[in-house]
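Welcome! Let's take a friendly look at a ligand and the protein residues around it. Here is the structure to keep beside you as you read.

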Amino acid sequence: MLTENLWYPTDKIFVNGKWKDCHSEKKLSLENPSNGEIIAKITDADERDIDEAVNSASKALRSSWGNLSATERGRLLLKLSELVKNRLDKLAFIESIDVGKPLKQAKNDAIALARYFEFYGGACDKIMGETIPYLKDYTVYTLREPHGVTGHIIPWNYPMQIIGRTLGASLAMGNACVLKPSEEACLTALAIGELATEAGFPEGSINIVPGLGKKAGKSLISHPNIDHISFTGSVEIGKIIQSEAAKNLVPVTLELGGKSPQIVFEDANIDKALPFLINAGIQNAGQTCSASSRILVSKKIYSEVIEKMSSSYSKLKVDQALEDKDLGPVISNRQKKVIQNYLNFSKDLECIAEGHFNSNLPKKGHYVLPKLYGNVKYSHKLAQEEIFGPIQVIIPFEDEEDAIKIANSTKYGLVASIWTLDGARQMRVAKAIKSGQVFINNYGAGGGVELPFGGSGYSGHGREKGFEALYGFSTLKTIAAMHE
Ligand code: NAD
């Protein structure tokens, strides 16, 4: 079924505008997390393939790609967006099988991918420098210029969305890109090679090289001709990336994990909040950097929230991805074990509700039940660390001060939300929370292609999405001309 939907090779790398065998003949297997079957063989790229990809990107910058005007780059991105739109269902189907996410969620990711290319296609020729008043005999102005060759390393959980935001912004600024997708899910990343060719992107402007992190990924971040690295993934690997990049003084954007809180005050519209409180925790089986895994609830409304959340939770269904229920499997047996290991620390906690499995799930699929824990202390391991699974904790709080203290008690700072109808409180708490994004009376706001995104602390640094990403993917030159 999958092969009928693939219209491009999956066992090759995409370099210099062509599909190529990689140097090593060894292949890596991609597994369908819903049933454990091997769905495709992908390349195990090494430093020779990365070297070719980086060289082809450098060459593109000096020729065809580098010679395009901002408007021409924009048109290519808009064309790419149209091509993605024409293939939404195919891309969603492929992503659903590869990542194990319910079909509707995969379709939303495909729509977001098209939207990123559209947004950045439109933004290309609207990013401007400034003139700066200086000494009388001078005219001074600034230019936004591309870094050069940008390396992009991405995880398996949202390949399409992350490709859209990271490649979209980088290409818009005129960089040439080398993408190393995850070895655990990379089929839609490869589709971009074929779509880029169809759109007319010049050779070498986009290169896609699947392989292992410790081999292809490591070669990419340490390559001497890489000018910027955008990394999305775990804290552990983020630290490695930053220290490797430091050896060549290469700037790095790090989009890492989170332990994002939603704070429900006593005057909140609980019924409106309810679907956000739950969906933000269980979407993509909780394997979302911005998953809301901590629900902070005012003690004054605690029993009401618990009752309503539990009732919704017990209706959650886990099934194979293509069955399109609330949750699919998690990505791998390894990830399932990580989650189970965390659950070993839950013995002192009260599980107040859980979802249920479809009765005939394939034995080799990687399924985890969504679980909701009540009355959890904010300092508990399950309330402090990113689990990356469908596990949420509810933490009661006394008052506003207590809520802020608890919200800011982890090492992360990615996303937060505040549920209250009190306008002054909305402003106070939004300012006091350590978080890259704060939503008021909503969570996530539908993906938010336009909204700058990124964190502080263990959530990383730098911003992607929105116009802000264009600054990160460019460097500023100041030109000071003295009048003769
Ligand atoms: P991971 O860090 O294990 O892997 C991410 C990527 O890094 C993969 O492509 C992998 O091959 C590569 N990699 C691994 N070792 C490497 C090395 N030594 N050198 C270079 N590259 C290497 O993360 P994952 O398990 O794929 O994804 C889950 C993590 O990603 C979670 O922590 C999640 O919070 C985070 N994430 C963050 C965001 C965000 O925008 N902040 C979005 C999605 C996921």
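The domain bounds used here come from an automatic or database domain assignment. The shell around the ligand takes at least three residues from domain 1 (3-256 + 462-479) and at least three from domain 2 (261-448). This is a predicted model, where local features need pLDDT of at least 70, side-chain atom pairs count only at pLDDT 80 or more, and totals for chains, interfaces and linings use all residues. Residues are numbered from 1 along each chain as its sequence is written, and side-chain values use heavy atoms, with hydrogens and water left out.

In total, 29 residues surround the ligand, each having a heavy atom within 4 Å of it. The closest are K180, E183, S234, L256 and E386. By kind, the shell holds 15 nonpolar, 8 polar (Gly is counted here) and 6 charged (Asp, Glu, Lys and Arg) residues. Among the helices (DSSP runs of H or I, at least four residues), α9 gives the most to this shell, with 4 residues.

Now for the polar contacts, which are pairs of N or O atoms within 3.5 Å:

| Ligand atom | Protein partner | Distance |
|---|---|---|
| oxygen | E183, side-chain N or O atom | 2.6 Å |
| nitrogen | E255, polar backbone atom | 3.5 Å |
| nitrogen | L256, polar backbone atom | 2.6 Å |

Taken alone, the ligand exposes 850 Å², and the protein buries 91% of that (Shrake-Rupley method, 1.4 Å probe).

Definitions and conventions: Polar contact = N/O pair within 3.5 Å; in protein donor to acceptor, adjacent residues only side chain to side chain. Helix = DSSP H or I, 4+ residues; strand = E, 2+ residues; numbered from the N terminus.
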